[in-house]
Amino acid sequence: MIFKKESLDLIKIFYIMQKLLTTVFSNNNSEYINWDKEYQNGQWDYLKNLDELAHYSIIIGYYNYLKPRGSILDVGSGEGLLQKRILAYSYSKYVGIDGSLEAINRASPKTDNKTFFLKEDMHNYSTKKAFDVIVFNESLYYSDNPLKVIRKFENYLDKKGIFIVSMYKPNFPISIFVYLIWKKISKEYKLIDETIIKNKLGQKWICRVYTKF
Ligand SMILES: C[S@@+](CC[C@H](N)C(=O)[O-])C[C@H]1O[C@@H](n2cnc3c(N)ncnc32)[C@H](O)[C@@H]1O
């Protein structure tokens, strides 16, 4: 299906808005989102489109430049699109966690001795492992407390590890929510680099690399 830029933007903004609102008005992080149905309906299939390639590629570029062949924890991994694209660059270990069983079921066939997909809510997940890279690719803004989530995941980051955070840049007024998340993160973590991605449809993403101070 071919969408015009305006309708694609509206779809994306609608999803983010919907999730942000349900997040704000919900008490239970694991129950409010009907991700499974959305994956089944194909609502997230557009993430495989060429229009989305650039922001995945920036994440992969940062990974490959800063932590080549390192270990990766992909938070809100969905059906493993990042893993599929990062595979060519190789990794020592990849763990993708996602709250949607449907997404994890779709990703699971790619499991091997260094690739794991787990159905886990980012708010409840814990591990004893320390990763070289922790990625939040269009997933952090679905938490009602993104900073708390990052702080928790800091415990699972190697001393010299990096966070790679990518978020869609919606238009005003939703952009304020996203701006506030960036502001909070930048206060507590050291910004190493930033790339602003714009595709031919005019859709924008911000991708940043952070370390602990
Ligand atoms: C926009 S999709 C991005 C998926 C993936 N990062 C990608 O780019 O292909 C957001 C993902 O975050 C997941 N998600 C949302 N809230 C979550 C939570 N509390 N814990 C774990 N995953 C969550 C959803 O199930 C969904 O797969």
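**View 1. Ile 97 and the residues it touches.** Setting aside neighbours within four places in sequence, Ile 97 is in contact with Val 75, Ser 77, Leu 118, Glu 120, Met 122 and Tyr 125. Please keep in mind that this is a predicted model. Ile 97 belongs to strand β2. Is Ile 97 buried or exposed? With 21 other C-beta atoms within 10 Å, Ile 97 counts as buried, because the cut-off for that label is 20 or more. If you would like a distance to check, the C-alpha atoms of Ile 97 and Gly 80 are separated by 9.3 Å, and the two residues are 17 apart along the chain.

**View 2. Strand β2 beside strand β1.** Here we step back from Ile 97 to the strand that holds it. Strands β1 and β2 run parallel and are joined by five bridges. One residue pair to look for is Asp 74 with its bridge partner in β2, Gly 96. β2 is mostly covered, with five of its six residues buried.

**View 3. The surroundings of the ligand.** There are 21 residues around the ligand, and those that come nearest are Gly 76, Gly 78, Gly 99, Ser 100 and Met 122. Met 122 may look familiar from the first view, as one of the contacts of Ile 97. What is the make-up of the shell around the ligand? Its residues divide into eight nonpolar, 10 polar and three charged.

**View 4. The largest nonpolar core.** This core has 41 residues, and Ile 59, Ile 134, Val 135, Phe 163 and Ile 164 have the most contacts inside it. Two or more residues each come from α3 (53–66), β1, α4 (81–86), β2 (93–98), β4, α6, β5 and β7 (204–211). Which element gives the largest share? That is β5, with seven residues. Beyond its neighbours within four places in sequence, Phe 163 is in contact with Ile 134, Ile 150, Leu 157, Tyr 189 and Tyr 210. A second, separate core has six residues, among them Trp 35, Ala 103, Ile 104 and Phe 117.

**View 5. Helix α6 and its buried side.** In this helix, which spans residues 146–154, Pro 146, Val 149, Ile 150 and Phe 153 are buried. Why do they lie on the same side of α6? They cover an arc of only 95° around the axis, and are therefore placed on the same side. The buried residues of α6 pack against β1 (71–75), β4 (131–137), β5 (157–168) and α7 (174–188). Ile 150 also links this view to the previous one, being a contact of Phe 163.

Methods:
Residues numbered from 1 in each chain as written. Predicted model: local features only at pLDDT ≥ 70, side-chain atom pairs only at ≥ 80, totals over all residues. Buried ≥ 20, exposed ≤ 12 C-beta atoms within 10 Å, placed from the backbone. Helix = DSSP H or I, 4+ residues; strand = E, 2+ residues; numbered from the N terminus. Arc of directions from axis to C-beta. Contact = placed C-beta atoms within 7 Å. Near = placed C-beta within 6 Å. Nonpolar A, V, L, I, M, F, W, Y, C, P; charged D, E, K, R; others polar. Core = buried A, V, L, I, M, F, W, Y, C linked by C-beta atoms within 7 Å. Pairing = 2+ DSSP bridges.
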